[in-house]
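This report describes a sheet, its surroundings and the charged side chains of one chain. The sequence and the structure are shown first.

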Amino acid sequence: MAGEWIKMRTNLWDDPRVSHLCDLVDQPEAMVVGALYWLWSMADEHSEDGVLPGLTLRAIDRKTGVAGIGAALVQIGWLAEVDGGVGVVKFGEHNGTSAKRRCQEAQRKANARNVSASDADKTPPPCGAREEKRRVKPSLTPRDDSQPDSNPKPEDPDAPFAMTLEWQPDPDRLKALVFRAGLSPKACEGALGAFVIYHQAKGLALTAAEWHAKLIAWAKQDQVREAAQGGKVTALRPRNNTPTDDDFASTGWLGEQP
């Protein structure tokens, strides 16, 4: 509903999360990027907030021709299942009228800066004026590289990173994922140790969203395996049984309670 174009990064093909999607669905980048183009275009055309009632993960697989891509998008945190449909995560940052307006304004300013710089290069200096070169005065104080930078560059929260033995899941993100997966917080707590040890040895670099999704899948497999070994399949938590803060407090992931 916001126009006939969408934002897609030129380096999307080489994004590590796209590579991870390709591994999950066993398809090349051309198929995965094409599927993403259809999904984002369709969401932009038929939704104002990214929520698409009636659309299912199976329908996404069928329409894109990529089996399993709906579930894979949920796993890496680009798609979420909601009541009665699915929703595109962070839709307002990249799609919709306001996002496109911001993009166009940024492009207009960039073009204006390029034109101004080009005109300045073509304008000759006034008659008799000498071009002065900027000279950088050398510092007399030797630089101490051993001291940390007083204004360090902030880390990108969406940048992939390797698993470490000290890693802990984010409580807010985990709470939402546990609810969607029908698990209990204690199930994730019990799976965390083995999960961290295994993936720390693998050396795989993933984003925070991908690590949390993998932990949920790991805990879910543990639950199914434990139920099978007990001779019966334990039903998963119903969707309307939302984990409470007390559940998470028992795991220690919510920190001190007020």
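Two strands are taken to pair if DSSP finds at least two bridges between them. The model discussed here is predicted.

**The sheet**

Strand 2 and strand 3 are joined as a hairpin that has 2 residues between the strands. Within this turn, Gly84 adopts a positive phi of about 80°. The two strands of the hairpin pair in the antiparallel sense over 4 bridges, and Val82 is found opposite Gly85 of strand 3.

The hairpin belongs to an open sheet of 3 strands, arranged in the order 1-3-2 with antiparallel pairing. Strand 1 (51-53) and strand 2 (79-82) occupy the edges and have a single partner strand each, so one side of each has no neighbour in the sheet. On average, neighbouring strands of this sheet are turned by 25° against each other, direction ignored.

Strand 3 (residues 85-88) also pairs with strand 1, in the antiparallel sense and over 3 bridges. In this pairing Val51 stands opposite Gly87, while Pro53 stands opposite Gly85. Gly85 therefore faces a residue on either partner strand: Pro53 of strand 1 and Val82 of strand 2. The residues of strand 3 point in two directions, Gly85 and Gly87 one way and Val86 and Val88 the other, and all are buried.

Helix 2 (residues 29-46) lies across strand 1, strand 2 and strand 3. Its direction is at about 80° to that of strand 1.

**Salt bridges**

How many salt bridges does a search of the whole structure find? The search finds 3, and they are listed below.

| Positive residue | Negative residue | Closest N to O distance |
|---|---|---|
| Arg17 | Asp15 | 3.1 Å |
| Lys90 | Asp158 | 3.9 Å |
| Arg225 | Asp222 | 2.9 Å |

In the pair of Asp15 and Arg17, both partners are buried: Asp15 has a relative accessibility of 7%, and Arg17 has a relative accessible area of 18%. The value for Arg17 counts as buried because the cut-off is under 20%.

The salt bridge between Lys90 and Asp158 links distant parts of the chain, its residues being 68 residues apart. Lys90 lies in the loop between strand 3 and helix 5 (91-94), and Asp158 in the loop between helix 6 (96-122) and strand 4 (161-162). Lys90 is partly exposed at a relative accessible area of 45%, and Asp158 is likewise partly exposed at 36% relative accessibility.

Arg225 and Asp222 both belong to helix 9 (residues 208-229), where they are 3 residues apart, about one turn of the helix. Arg225 is partly exposed at 43% relative accessibility, and Asp222 is partly exposed with a relative accessible area of 26%.

**A buried acidic residue without a partner**

Asp61, placed in helix 3 (residues 57-64), is buried yet has no salt bridge. Why does Asp61 have no salt bridge? Such a bridge needs a side-chain nitrogen of Lys or Arg within 4 Å of a carboxyl oxygen, whereas the nearest side chain of opposite charge, that of Arg58, is 6.9 Å from Asp61. Leaving aside residues up to four places away in sequence, Asp61 touches Val66, Ala67, Gly68, Ile69 and Gly70.

How values were computed:
Residues are numbered from 1 along each chain as its sequence is written. This is a predicted model: local features need pLDDT of at least 70, side-chain atom pairs count only at pLDDT 80 or more; totals for chains, interfaces and linings use all residues. Side-chain values use heavy atoms; hydrogens and water are left out. Axes are lines fitted to C-alpha atoms, for helices over the stretch in contact, and angles run from 0 to 180 degrees between N-to-C directions. Contact means heavy atoms within 4.5 Å. Buried means under 20% relative accessible area, exposed over 50%, partly exposed in between (1.4 Å probe, protein chains only). Lys and Arg count as positive and Asp and Glu as negative; His and the chain ends are not counted.
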